[in-house]
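User: I would like a close look at one strand and its place in the fold. Please go through its partners and surroundings.

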Amino acid sequence: MKILKKIKPHKVDLLVFGLKKGESNYSAQAKDLAFQLSFDPKSHSYQIRERGQIIHRSNIYFNSFLLRAFDFDQPMITIGDCVTIDAYKGQGIYPWVITEIVKEHLLKSHIYMLVSPQNIPSIKGIQKAGLRKLARIRCLKIGPVYLGKKLELFD
């Protein structure tokens, strides 16, 4: 059953936001917040904790098979699977964390984020953090294979 689930075809339709390695005109609009951001090297996640509870988590990935299939520049990190618990949403945490991650990694890597075109709140946070919309990627994924790849680049 697990094997069938892994090879089940599904459509991919994602926007790619990002910044090029060493980009000198990067300027984030995220406000400074009084939270302590820490990095967990085991899970490759940046976390904010309040009273022992994780209130925000953003993972980083040092490889993306999808982005590599579309020939995106290397070396890269992809920021993803970002979650802020409901009680803390609307405080600017998401763009602030993205900004902090970008500041740490931009001199070493290209930075990318993938997001569904329908996920307006995430798109707004990504844009507040200063990432630019680079592309829209569409394909059919069957297991590790990407078929019918379509790449729409933005200026």
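Analyst: Two strands count as paired when DSSP finds at least two bridges between them. By that rule, this predicted model has an open sheet of eight strands, ordered β2-β3-β4-β5-β6-β1-β7-β8, with mixed pairing. The edges are taken by β2 (37–40) and β8 (145–153), each of which has a single partner strand, so one side of each lacks a neighbour in the sheet. On average, neighbouring strands are turned by 30° against each other, direction ignored.

The strand to follow is β1, residues 10–19, which sits between β6 and β7 in the strand order. On one side, β1 is joined to β7 (residues 132–142) by nine bridges, and the two run antiparallel. Within this pairing, Lys11 has Leu140 of β7 as its bridge partner. On the other side, five bridges link β1 to β6 (residues 110–115), again in the antiparallel sense. Here Gly18 is opposite Tyr112 of β6.

Tyr112 also has a counterpart in β5, since Thr78 stands opposite Tyr112 in β6. β5 and β6 pair in the parallel sense, over four bridges. In general, the strands of a sheet pair through backbone hydrogen bonds, in either a parallel or an antiparallel manner.

How much of β1 is buried? Seven of its ten residues are buried, so the strand is largely enclosed by the rest of the structure.

Part of those surroundings is nonpolar. The largest nonpolar core contains 29 residues, and Ile98 and Leu131 have the most contacts inside it. Elements that each supply at least two residues of this core are β1, β3 (45–50), β4 (53–61), β5 (76–84), α3 (93–105), β6 and α4 (120–128). The largest share, seven residues, comes from α3. Leaving aside residues up to four places away in sequence, Ile98 touches Ile79, Met113, Gly125, Ile126, Ala129 and Leu131. A second, separate core has 15 residues, among them Val16, Phe72, Met76 and Ile137. Val16 lies within the residue range 10–19 of β1, and Ile137 within the range 132–142 of β7. As a general tendency, nonpolar side chains in soluble globular proteins are buried together.

The helix α3 also packs on the sheet: α3 touches β1, β2, β3, β4, β5 and β6, and the direction of α3 makes about 40° with that of β4.

To sum up, β1 has antiparallel partners in β7 and β6, seven buried residues out of ten, and contact with α3.

Technical notes: Residues numbered from 1 in each chain as written. Predicted model: local features only at pLDDT ≥ 70, side-chain atom pairs only at ≥ 80, totals over all residues. Heavy atoms only, no water. Buried < 20%, exposed > 50% of the residue type's maximum accessible area, 1.4 Å probe, protein only. Core = buried A, V, L, I, M, F, W, Y, C linked by side-chain atoms within 4.5 Å. Contact = heavy atoms within 4.5 Å. Axes fitted to C-alpha atoms, helices over the stretch in contact; angles between N-to-C directions.
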